[in-house]
Structure formats: C-alpha cells, structure tokens
Amino acid sequence: MKKIMQSINSGILILFAAGMILILFSFSGFITSFLPPVTFEDLLEGKEIKIGSHIEGNVVYALDYFATDTTYEKNSDGIIVPKKNSGNYYIIPFSGGYLGLKTDQTQNSSFDRLTEETYAFLKGGQKPQLKIFIDGEIIPMKKKLLPYFHKYLSEAGYSEEEIKGMGTPFLIRPRAFIVNRIVFSAGILFLFLSAVIFRRIYRRFCILEEFSKDIPVE
C-alpha cells in the first residue's frame with residue numbers, strides 16, 4: 001500500500017480527473033451516436049422513441065415555437081432588456097402527440113419558414129419543401145419549459161385532460177456527435193496515460209526495494 005501511495009503524484013491525479021470528467025461529460029452522446037437513428041418520418045409513422053434515442057434526418061413539419069432561449073441584462077436606465085437569443089423551442093408533431101425541438105440562433109429563420117410551409121400545407125397547400133437536417137437525441141423536457149409547452153397546446157384547443165394524457169413530453173436536442181466521440185476518446189486516453197505513468201513509477205519503487213534488499217549490510 002505504501003508503494004501505491006508513493007507512486008501517485010499530482011500529474012497522475014490531474015490526468016485521471018481530467019479523463020473522468022471528459023468521459024462523464026460525453027458518455028451520453030457517445031453511446032447515443034452509435035444507436036440506429038430514428039428519422040422524422042419514422043416519428044410520424046409511430047416508431048417508438050425513448051430517452052436517449054438517436055434522431056437523425058430532415059424535419060418534416062414544425063408548428064411554431066413555444067419558448068425562446070434568451071438571456072437578459074439591465075441597460076443604463078436599469079431596465080431589463082433582451083441581450084441574446086440562443087435559439088427557440090419548436091413544436092414537432094409525431095404519432096404520439098407533440099414534442100419539442102431546440103434550435104440554435106442560426107436555425108431560427110429556417111424553422112420559421114418551415115412553420116409557414118407547414119401551416120400552408122394544413123390549409124390545403126403542398127407538402128413543406130424546406131429541408132432542415134437535424135442530428136440529435138431525445139431527452140426529457142426541462143421542467144421550466146413545461147408551462148410554455150402546455151400553454152401552447154391549450155391555446156391550440158387541447159383540454160387539460162388531453163394534455164395530461166400525452167404524458168411527459170420529450171425534447172429533441174441537436175448534438176455534434178463527432179465531438180462527443182472525440183471528447184470521450186480523449187478521456188480514455190487520459191486515463192490510459194495516468195495508468196501507464198502510475199505503473200512506471202510503481203515498478204521503479206519495486207525495483208529500488210528489491211535492489212535495497214540485495215545490498216549487504218556491514
């Protein structure tokens with residue numbers, strides 16, 4: 001035990017801690033990236049989804065956004081004003097009801113166009129032509145979003161009982177899965193390096209211990 005403790009230094013601890021943090025941070029996305037993807041067409045046709053499901057493909061329909069991801073700040077007059085819009089939360093229909101989809105700020109205008117095309121289609125027009133590719137995963141909808149989500153459905157004509165009957169809604173969160181794979185791999189590499197360095201130092205202590213035993217005592 002003494003040799004083990006002597007073999008652990010700050011460098012090993014830093015590598016080990018960094019590796020664990022990277023692995024924990026990217027683990028969910030790393031696993032999801034290897035799951036068979038479900039397309040938005042599959043969602044409409046009734047394919048089962050659950051938390052952690054991989055969603056990939058072009059969005060078919062979008063029914064406007066029910067909440068925004070906006071940060072605020074106080075101006076020189078002490079009035080709170082919007083500072084930055086980081087994206088919107090759009091309503092996406094599927095066979096089991098509706099779910100949310102988080103966009104980033106650069107996608108807002110495209111999804112607004114898709115919303116217009118969707119409503120035009122519902123009024124008898126052609127099917128939406130705009131293609132918006134999304135690669136993401138299914139996560140539970142955040143509690144702070146639920147009131148806005150329920151309000152949207154209520155204003156769309158759904159009763160409280162019908163909304164409750166839909167269960168806890170899901171949210172599609174776009175992910176850069178290649179980044180998750182790189183980060184996860186980096187975490188594994190850091191753990192491997194910490195193990196290699198530890199083993200090298202530990203063997204050095206073992207050799208020194210054996211060497212000291214062979215030295216004759218006068």
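A salt bridge here is a side-chain nitrogen of Lys or Arg within 4 Å of a carboxyl oxygen of Asp or Glu. That definition underlies the network in the first close-up, which links E137, R173 and R175. The model is predicted.

**Close-up 1. E137, R173 and R175 are linked in a network of salt bridges.**
E137 pairs with R175. Their closest N and O atoms are 2.1 Å apart. E137 sits in strand β5 (residues 133–140), while R175 lies in the loop between β6 (170–174) and α7, so the pair ties together parts that are 38 residues apart in sequence. Are the two partners buried or exposed? E137 has a relative accessible area of 1%, so E137 is buried. R175 also counts as buried, at 17% relative accessibility. The cut-off for buried is under 20% relative accessible area.

**Close-up 2. D69 and K102 form a salt bridge between two strands.**
The closest N and O atoms of D69 and K102 are 3.7 Å apart. The pair links distant parts of the chain, 33 residues apart. D69 belongs to strand β2 (residues 65–74). K102 belongs to strand β4 (residues 97–102). D69 is partly exposed, with a relative accessible area of 27%. K102 is buried, with a relative accessible area of 15%.

**Close-up 3. K164 and E160 form a salt bridge within helix α6.**
The closest N and O atoms of this pair are 3.3 Å apart. Why are K164 and E160 separated by about one helical turn? Because the two are four residues apart in helix α6 (residues 160–165). K164 is exposed, and E160 is exposed too. In total, the structure holds four salt bridges.

**Close-up 4. Eight nonpolar residues line the largest cavity.**
The whole structure has one cavity of 30 Å³ or more. The space in the largest cavity is about 30 Å³. Which residues line it? The lining consists of F40, L43, L44, V59, V60, Y61, I92 and P93. No polar and no charged residues take part in the lining. Helix α3 gives the most, with three residues. Both α3 and β3 (80–94) supply at least two residues each.

**Close-up 5. G46 and S95 lie 5.0 Å apart, C-alpha to C-alpha.**
Along the chain, G46 and S95 are 49 residues apart. G46 is found in the loop between α3 (40–44) and β1 (54–58). At 43% relative accessibility, G46 counts as partly exposed.

**Close-up 6. D64 has a positive phi.**
The phi of D64 is near 70 degrees. This is a positive value in a residue other than glycine. D64 lies in the loop between β1 and β2. D64 is partly exposed, with a relative accessible area of 28%.

**Close-up 7. L189, F192, L193 and I197 form a nonpolar patch on the surface.**
Together the four residues of the patch have about 350 Å² of accessible area. L189 has its place in helix α7 (residues 177–214). L189 is partly exposed, at a relative accessible area of 45%. Residues in such a patch need over 30% relative accessible area, and L189, at 45%, meets that cut-off.

**Close-up 8. I12 and L191 are 8.9 Å apart in space, C-alpha to C-alpha.**
In sequence, I12 and L191 are 179 residues apart. I12 lies in helix α2 (residues 10–33). Is I12 buried or exposed? I12 is buried, with a relative accessible area of 6%.

**Overview. The protein chain has seven helices and six strands.**
From the N terminus on, the elements run α-α-α-β-β-β-β-α-β-α-α-β-α. The protein chain has 218 residues, and buried residues make up 34% of them. Among the buried residues in the close-ups are E137, K102 and I12. Partly exposed examples include L189, G46 and D64.

Conventions: Residues numbered from 1 in each chain as written. Predicted model: local features only at pLDDT ≥ 70, side-chain atom pairs only at ≥ 80, totals over all residues. Heavy atoms only, no water. Patch = residues over 30% accessible without salt bridge, like charges linked within 9 Å, V, L, I, M, F, W, Y side chains within 5 Å. Areas by Shrake-Rupley, 256 points an atom, 1.4 Å probe, with all protein chains shown as cover. Buried < 20%, exposed > 50% of the residue type's maximum accessible area, 1.4 Å probe, protein only. 1 Å grid on protein atoms, 1.4 Å probe; cavity = no way out; pocket = protein on both sides within 12 Å on 5 of 7 lines; lining within 4 Å. Points joined across faces, edges and corners; volume = space filled by probe spheres on them. Nonpolar A, V, L, I, M, F, W, Y, C, P; charged D, E, K, R; others polar.
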